[in-house]
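Q: Please take a close look at one part of this model: the residues that the UniProt record lists for "active site". Where do they lie, and what do they touch?
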Amino acid sequence: MPVMPGAEPYHHKGGQIGVLLCHGFTGSPQSLRPWGEHLAAAGMTVALPRLPGHGTTWQEMSRTRWEDWYAELDKSLADLRGRCAEVFVMGLSLGGCMALRLAEVHGEGIRGLVIVNPSITNDVPLLRLAPLLRLVVSSVPGVAGDIKKEGVTELGYARTPVRAAATLPRLWALTQAELGKVTQPVLVFHSPQDHVVKPASVRILRERLSGGNLNVVELNDSYHVATLDNDADRIFAGSVEFIHTNASVPLQRD
C-alpha cells in the first residue's frame, strides 16, 4: 500500500542517546517530524517509525490493532537499545499511552518519558459501543487536525476505522493497571484546550504516578496536536532539557 507523501518514517544516526518517537492513533510520523529533527540537531539518535496501517488509508488501518502498533514500537526500541547507551521514549496522544506501556514492560531499559496530550482512558462515549458498532459501520468521522495555529495541518485520516478503535480499551486497561511500574521521570505536556483527549488522562497520571517522578507542563496556546501547534518550540526545547537533566551519558553533536 503506497504511503502518503510526508507520512514516511524518520530516522537519524546521532550520538549515544537514543529517542524513540511514537505518533498517535490515525496520525502519521508527519505530526512528530519537526520534533524528531530538533532532537537530531541536538545530537540524539532518533527513530520515528510509521505504525502499521497508518499513513496509507483508513481501510488498511482497519485490518490492524493496538498489538500491531505496539510491536512496531517495541522493535524500534530494541534496535535503539542495541545502538545507544541510553534511550528515552516520547509520544503524542495514543503514542503517549504506548510510551507508558513500553516503560512498564522494559523498566530500566528506558531512561525517561516525554508525552504530549497522552490518551490513557476511554473518554469518548461512542467508543464504548465500538465492539458492537463495528458490526454495523466500518468508520466514523476522524479526529485528526486539532490544531490552533492557522495554516498548519496534520497528515491523518478523515475517517476513524471502528474495528481498530475497538481494540483501544484493552490497551488503556493494561496501561492503567500497571502505571505503578513507571518509576522513570515523566514529563507531560498538556493542552487544556484539547478537543480530542479530555483531562481525565492527565488526572489519572497525577493520581497514579505519585512517586515524585511526574512533571506536568500546561500548553495554553495549543490544541491536541501540540507538536505542530503554537507551543511546539516549548515541547522541543523542553524535551532536550529533560534529556540533559536525566541522561547519565553526555550528548554528542554531529
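A: Asp194 touches Asn117, Asp146 and His224, leaving out residues up to four places away in sequence. The model is predicted, and contact here means heavy atoms within 4.5 Å. Asp194 sits in the loop between strand S8 (186-190) and helix H8 (200-208). Its side chain also has a polar partner: a polar atom of the Asp194 side chain lies 2.8 Å from the backbone nitrogen of Val196. Is Asp194 buried or exposed? Asp194 has a relative accessible area of 9%. The cut-off for buried is under 20%, so Asp194 is buried.

Asp194 belongs to a set. The UniProt entry, which is unreviewed, lists Ser93, Asp194 and His224 under "active site". These residues span 132 residues in sequence, yet no two of their C-alpha atoms are more than 10.6 Å apart, so they gather at one spot. From this set, Asp194 is part of the lining of the largest cavity.

Now Ser93. Ser93 lies in the loop between strand S4 (86-92) and helix H4 (94-106). Ser93 has a relative accessible area of 10%, so Ser93 is buried. Setting aside neighbours within four places in sequence, Ser93 is in contact with Gly24, Val116, Asn117, Pro118, Ser119, Val197 and His224.

Put the two contact lists side by side. His224 is in contact with Ser93, and Asp194 touches His224. Asn117 is in contact with Ser93, and Asp194 touches Asn117.

Technical notes. Residues are numbered from 1 along each chain as its sequence is written. This is a predicted model: local features need pLDDT of at least 70, side-chain atom pairs count only at pLDDT 80 or more; totals for chains, interfaces and linings use all residues. Side-chain values use heavy atoms; hydrogens and water are left out. UniProt positions are given in the numbering used here, feature names are shortened, and annotations may be inferred rather than shown by experiment. On a 1 Å grid over the protein atoms alone, a cavity is a set of points where a 1.4 Å probe fits but cannot get out, and a pocket is an open set with protein on both sides within 12 Å along at least five of seven lines; lining residues have an atom within 4 Å of a point. Helices (H or I, at least four residues) and strands (E, at least two) are DSSP runs, numbered from the N terminus. Buried means under 20% relative accessible area, exposed over 50%, partly exposed in between (1.4 Å probe, protein chains only). A polar contact is a pair of N or O atoms within 3.5 Å; within protein, one must be able to donate a hydrogen and the other to accept it, and residues adjacent in sequence count only if both atoms are side-chain atoms.
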